[in-house]
Amino acid sequence: MNKIVAFLIFVFLFNFQSCAQKTDTKQQEEFPISKSDAEWKQELTQEQYYVLRQSGTERPFSSPLNKNDKKGVYVCAACNTPLFKSEHKFDSGTGWPSFDREIEGNVAFGTDTDLGYVRDEEHCATCGGHLGHVFNDGPRNTTGMRHCINGVALKFVPSK
Ligand SMILES: [Zn+2]
């Protein structure tokens, strides 16, 4: 019996440690724009803070940008870095704004295992704000990639 308890404690500690390590790695990544948690909390709306700073996910079909098909550029809601272009947006039917490619260099990638499997996470390369995930089931006639992005992490700037 004691062995089982010891084993469970070991598993718990091990998991706890790997979570802690993951957080550390993210904090060590340095970005041109870096603000304290309190500053972000003040500047962003509650929903933006949840997605961008806490890697949350907005409810599907909740973003007005999901159905936006106007011409323009999608910039980071936190730091205004241009991240995606309207010509690369497509309707994936998932309920989140989807793009077949990012503006190269302005989006950085990581991995997370929050759902128990490895996903390619993407974030703003300037401020580190979490944007969404990238999957390889996008349109086959273009890049084959689907950048599944939280609309709340983006601001739309229409072209003139
Ligand atoms: Zn940003």
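Which residues of helix 3 are buried? They are Q48, V51 and L52. Buried here means 20 or more other C-beta atoms within 10 Å of the residue's own, exposed means 12 or fewer, and partly exposed lies in between, with C-beta atoms placed from the backbone. Seen down the axis of helix 3, these residues fall within an arc of 90°, so they line one face of the helix. The arc is taken from the directions between the helix axis and the C-beta atoms. Strand 7 (130–135) is included in what covers them. Just after helix 3, S55 takes a positive phi of about 55°.

**Model and confidence**

The model is predicted; local features need pLDDT of at least 70, side-chain atom pairs count only at pLDDT 80 or more, and totals for chains, interfaces and linings use all residues. Residues are numbered from 1 along each chain as its sequence is written. The chain averages a pLDDT (the predictor's confidence in each residue, from 0 to 100) of 89. At least 70 is the score of 84% of the residues. Over residues 17–27 the pLDDT is below 50, and this stretch has zero contacts in the model beyond near neighbours in sequence. A contact puts the C-beta atoms of two residues, placed from the backbone, within 7 Å.

**Layout**

The chain has three helices and nine strands. From the N terminus on, the elements run α-α-α-β-β-β-β-β-β-β-β-β. Helices (H or I, at least four residues) and strands (E, at least two) are DSSP runs, numbered from the N terminus. Among contacts between residues at least 6 apart in sequence, 55% join residues at least 24 apart. Buried residues make up 27% of the 160 residues.

**Two open sheets**

Strands pair if DSSP finds at least two bridges between them.

| Strands in sheet | Order | Pairing | Edge strands |
|---|---|---|---|
| six | 3-4-8-7-6-5 | antiparallel | strand 3 (89–90), strand 5 (107–112) |
| three | 2-1-9 | antiparallel | strand 2, strand 9 (154–158) |

In the six-stranded sheet, two bridges join strand 3 to strand 4 (residues 98–99). K89 stands opposite F99 in strand 4. In the three-stranded sheet, three bridges join strand 1 to strand 2. V75 stands opposite P82 in strand 2. Neighbouring strands of the sheet ordered 2-1-9 are turned by 30° against each other on average, direction ignored. Axes for such angles are lines fitted to C-alpha atoms, for helices over the stretch in contact, and angles run from 0 to 180 degrees between N-to-C directions.

**The core**

A nonpolar core is a set of buried Ala, Val, Leu, Ile, Met, Phe, Trp, Tyr and Cys residues joined through C-beta atoms within 7 Å. The largest has 21 residues. A77, A78, L83, C124, I149 and A153 touch the most other members. Helix 3 (46–53), strand 1 (72–76), strand 2 (82–85) and strand 8 (146–149) each give two or more residues to this core. Leaving aside neighbours within four places in sequence, A77 contacts Q48, L52, V152, A153, L154 and K155. Q48 and L52 are among the buried residues of helix 3.

**A loop residue**

T94 is found in the loop between strand 3 and strand 4. Why does T94 count as partly exposed? T94 does so because it has 14 C-beta neighbours inside 10 Å. Leaving aside neighbours within four places in sequence, T94 is in contact with P60 and C148. N66 is 28 residues from T94 in sequence, with 9.3 Å between them in space, C-alpha to C-alpha.
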